[in-house]
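Here's a quick tour for anyone meeting this structure for the first time. Have a look at it, then read on.

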Amino acid sequence: QVQLVESGGGVVRAGGSLRLSCAASRVSGKITAMAWYRQAPGKQRELVAATQTTGENTRYADSVKGRFTISVDNPRNTVLLQMNRLEPEDTAVYYCNVWTFYHWKSAEYWGQGTQVTVSS
């Protein structure tokens, strides 16, 4: 069973920066894609940023384009989310999401979530 350990959340003032990290362990097969989602109170979970581990097909939510950057450290099975110019609207629980491919089957895994709070 893949384990995802997230870190880097916290409280920051508007305009500040945070970097989230998610490390995957106990991976069987190959990680094919990694992403970050977020869920604010009373709202549905939404995609923030996603990328294939080849670096292709990177995409961002419109609300974070130009402010957030997703990157993958393949040897360490780690995905990072650099968040700059944070806004109060970015306040949410951020979840790491990983897809693997093993024995001709794909599987999806979620992290436990890390809280990001942006004060005005």
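## F101 and its aromatic partner

F101 is partly exposed, because its relative accessible area is 34%, which falls between the 20% and 50% cut-offs. Keep in mind that this is a predicted model.

How many aromatic pairs are there? The count comes to two. One of them joins F101 and W104 in an edge-to-face arrangement. Their ring centres are 6.0 Å apart, and the planes meet at 85 degrees. What about W104, buried or exposed? W104 has 77% relative accessibility, so it counts as exposed, the cut-off for that being over 50%.

## R45 and two rings

Next up is R45, which turns up with two aromatic residues. R45 lies over the face of Y95, 3.8 Å from the ring centre. The charged end of R45 also sits over the ring of W110, this time 4.7 Å from the centre.

## D90, tucked into a loop

Now for D90, which you'll find in the loop between β8 (78-83) and β9 (92-102). Is D90 buried or exposed? D90 counts as buried because its relative accessibility is just 2%, and anything under 20% gets that label.

So who does D90 meet? Its side chain makes a polar contact with the side chain of R67, at 2.8 Å. If you set aside neighbours within four places in sequence, D90 is in contact with R38, V64, R67, F68, R85, V116 and V118. R67 therefore shows up twice for D90: in that contact list, and as its polar partner within the 3.5 Å limit.

Methods
Residues numbered from 1 in each chain as written. Predicted model: local features only at pLDDT ≥ 70, side-chain atom pairs only at ≥ 80, totals over all residues. Heavy atoms only, no water. Helix = DSSP H or I, 4+ residues; strand = E, 2+ residues; numbered from the N terminus. Buried < 20%, exposed > 50% of the residue type's maximum accessible area, 1.4 Å probe, protein only. Polar contact = N/O pair within 3.5 Å; in protein donor to acceptor, adjacent residues only side chain to side chain. Contact = heavy atoms within 4.5 Å. Phe/Tyr/Trp six-rings, centres within 6.5 Å; stacked < 30°, edge-to-face > 60°. Lys NZ or Arg CZ within 6 Å of the ring centre and 35° of its normal.
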